[in-house]
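Here are a few exercises to work through with the structure open beside you. Try each task on your own before reading the solution.

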Amino acid sequence: MLQALDYARECRVIHTDLQAANIALGIRDKSIFDIFKEHEMEYPVPRKEEGGRTVYASRTLEFPEGGGIDLPVLCDFGSSVWGEGLHTEDVQPDVYRLESLSVDISISNHGFVYSYGIPQHATRLALPSTTGENPTFTDPYRLYNADVFEYLASSPVSLYGSIPLMHAHSEDSTVAVFYVVGSETWIDVSHSSEKSTQIHWVSESGILDLFILPGPTPDEIFAQYARLTGTPVLPSQFSLGYHPCRWSYISSDDVRTVNKRFDEEDHKYFIWNDKTFPGPVEMVNDVAGSGRKVRISPAIW
């Protein structure tokens, strides 16, 4: 494939549509085509007439035996362009193009010096700048849920949660933006002056719902946000207690030891890792025998 791209470069051709579907594999063993033809003659695939043309169901092509595959071939140059000169046209047809999107929001001349929100990131509440003159960070804030162990104390990298709510606060009022899109998102923050904030949102794909929350007080901002998302339910009473980190437990014996110490120190919290804690039912029953319950800390890996 590198040879094919190098040859295209020598010919001053830019493919613009590199993907697995545009890489064909040569076939040395031509007998699979005879088998394909015989199967189609004996058992024709379903078909239908639609819009003046015949649409056929797909039929699987048998894989050649004994390494009958030839070298890959770069194909489908229908969207390619000449590599000479500056290109400002769309790279691909709309139907194939990645639907990335971006939004620029400027908060200026209203005393909104700082912006807050878009948790969860390990930095101060007033979000430091990521672009512009002398930015604190050189990378944008990332919204993408991740279970990061021993993360940096000051960084825009993503952590456990991603809430695309950003608000700006001044002495006179508070405003907010709720940026709802179901894909990975990056956010740049800059300050062109002492009394203005520029926010640049970029998402890799999706359909955007953008809500402007006018406030004008912090209480009203979060009331408006809650009307959009709903409010959380109260947790079960038994789950209210001390919650140590799940990284502290490495075996079933650890859980039983902590359970025993609860009688001595009057703490309430349990957790187990299904990979390293065998016999979870028995372990939970041991804990239940003391009149307590096990709280599960879910994680998706």
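**Exercise 1.** Find F178 in this predicted model and decide: is F178 buried or exposed? Then work out which ring F178 pairs with, and how.

*Solution.*
- Step 1: F178 has a relative accessibility of 9%. Buried means under 20%, so F178 counts as buried.
- Step 2: Now look for the partner. By the ring-pair rule there are four aromatic pairs. In one of them, the ring centres of F178 and Y225 sit 5.1 Å apart, with the planes at 85 degrees. Planes over 60 degrees apart count as edge-to-face, so that's what this pair is.
- Step 3: Check where the two residues come from. F178 belongs to strand β11 (residues 174-180) and Y225 to helix α3, so the pair ties together parts 47 residues apart in sequence.
- Step 4: Y225 counts as buried too, at 18% relative accessibility. Add F211, and you have one aromatic cluster of F178, F211 and Y225.

**Exercise 2.** Which residues have the most contacts inside the largest nonpolar core, and which strand gives the largest share of it?

*Solution.*
- Step 1: Some background helps: in soluble globular proteins, nonpolar side chains tend to be buried together.
- Step 2: Here the largest core holds 19 residues, and the ones with the most contacts inside it are I105, I118, Y141, M166, I187, I199 and W201.
- Step 3: Elements giving two or more residues to this core are β7 (101-108), β9 (141-143), β10 (165-169), β11, β12 (185-190) and β13 (196-203). The largest share, four residues, is from β7.
- Step 4: Zoom in on W201. Leaving out residues up to four places away in sequence, W201 touches a list of residues including L101, V103, I105, M166 and I187.
- Step 5: Apart from the largest core lies another one, of eight residues, among them Y249, V255, F277 and M283.

**Exercise 3.** How many salt bridges are there, and what does the pair of E184 and R142 tie together?

*Solution.*
- Step 1: Side chains of opposite charge can pair when their charged atoms come close. The count here is six salt bridges.
- Step 2: E184 and R142 meet at 2.5 Å, N to O. E184 is in the loop between β11 and β12, while R142 is in strand β9, so this bridge ties together parts 42 residues apart in sequence.
- Step 3: Compare their surroundings: E184 is buried, with a relative accessible area of 14%, whereas R142 is partly exposed at 28%.
- Step 4: For a bridge inside one helix, try R9 and D6, whose closest N and O atoms are 3.0 Å apart. Being three residues apart in helix α1, R9 and D6 are separated by about one helical turn.
- Step 5: Finally, E40 bridges to R59, and E40, R47 and R59 are linked in a network of salt bridges.

**Exercise 4.** Where in the chain is W247, and which patch does W247 help form?

*Solution.*
- Step 1: W247 sits in the loop between α3 (218-229) and α4 (252-265).
- Step 2: With a relative accessibility of 40%, W247 counts as partly exposed.
- Step 3: On the surface, W247 joins F149, Y151 and Y160 in a nonpolar patch, which together has about 440 Å² of accessible area.

Technical notes. Residues numbered from 1 in each chain as written. Predicted model: local features only at pLDDT ≥ 70, side-chain atom pairs only at ≥ 80, totals over all residues. Heavy atoms only, no water. Patch = residues over 30% accessible without salt bridge, like charges linked within 9 Å, V, L, I, M, F, W, Y side chains within 5 Å. Areas by Shrake-Rupley, 256 points an atom, 1.4 Å probe, with all protein chains shown as cover. Salt bridge = Lys/Arg side-chain N within 4 Å of Asp/Glu carboxyl O. Buried < 20%, exposed > 50% of the residue type's maximum accessible area, 1.4 Å probe, protein only. Phe/Tyr/Trp six-rings, centres within 6.5 Å; stacked < 30°, edge-to-face > 60°. Core = buried A, V, L, I, M, F, W, Y, C linked by side-chain atoms within 4.5 Å. Contact = heavy atoms within 4.5 Å.
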